[in-house]
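Dear colleague,

Please find the structure below, followed by a summary of what was found in it.

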Amino acid sequence: MDMKRPLSLMIGMIFITSLIFAIGLPASFLDYLKSQKYTLIATDIESFEEGATRSLVLAGKNDFSPIFFNKFFLFTVDREGKYNIYPDIVEGGYEPILVKYLFRTGKIYLIKSFSGGSGGYISFTLFKFNGMNVQRLITDKSVLKDFKISGKFEKGLAAIVYVNGRGLYRIDLTDKKDFYIKTGVYDSKGNFLLRDDSLMPNGISDFEPQKNDVFMISTSISGAWHYDRLVDLYIYLKLDKGRLKLIDIDVAKSVVF
């Protein structure tokens, strides 16, 4: 199955990283952010049918580093400066962005940040905003909870990947025979030597909206060490009446070693 599509096939995509709309925020709210030592990251102003104008504001705290945010907060703010706060909207990280996608079925917002360390993983929250409330649709944690990825080594230089306990993909490891023998994972006869035969699922490496309200989540699973990445998994989900439904899971043997 090949459902990857260029983003240009969507109705539209707007990166909300400019602070140009900060001038439209009430002074009392800006004073509050300053008093709490929040860093203003991005804002978006929406108008609704009743004529009300409300703003979405992404702010963070970078108490320990000027480039790493240890906490993120999402605010909804009205003209008078009254606000609702959604703490821990995503995990702390680097290079946060707020993106608005204009689908045929409506507007969807995405907040994403990049984790620290060498994994290159992301944290994200996909949500809708109706002028009063924020409805969280999917997060990196909910994906990994709903689609439990696991695996184990097998005798004969092979491994199997499971999704929600069901076998999904068998991996031929014979191309890594010399490496695994040298590192003591297998012997020359293909017998597995380690005490723990479990594979290691990794975090989410990418999240890409596709055409027609379909979203693709990329993740992977590793062998004896995290750098020993074995397969990449692509999970396709469709947003239907506010709920996400699984469409398909593609698996590809990783070329990274």
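Strands are DSSP runs of E with at least two residues, numbered from the N terminus, and two strands pair if DSSP finds at least two bridges between them. The model is predicted: local features need pLDDT of at least 70, side-chain atom pairs count only at pLDDT 80 or more, and totals for chains, interfaces and linings use all residues. Residues are numbered from 1 along each chain as its sequence is written, and side-chain values use heavy atoms, leaving out hydrogens and water.

Strands β11 and β12 form a hairpin with three residues between them; in the turn, G156 has a positive phi of about 90 degrees. The two strands pair in the antiparallel sense over six bridges, with I149 opposite V163 in β12. Along β11 (residues 149–154), I149, G151 and F153 point to one face and are buried (under 20% relative accessible area, 1.4 Å probe, protein chains only). S150, K152 and E154 point to the other face and are not buried.

An open, antiparallel sheet has the strand order β14-β15-β16-β17. Its edge strands, β14 (200–209) and β17 (243–253), each pair on one side only. β14 pairs with β15 (residues 214–222) over seven bridges, and E208 has M216 in β15 as its bridge partner.

The largest nonpolar core (buried Ala, Val, Leu, Ile, Met, Phe, Trp, Tyr and Cys residues joined through side-chain atoms within 4.5 Å) has 38 residues. F124, L173, Y180 and I217 have the most contacts inside this core. Its largest share, six residues, comes from strand β16 (residues 229–240).

Yours sincerely

Notes:
Helices (H or I, at least four residues) and strands (E, at least two) are DSSP runs, numbered from the N terminus. Buried means under 20% relative accessible area, exposed over 50%, partly exposed in between (1.4 Å probe, protein chains only).
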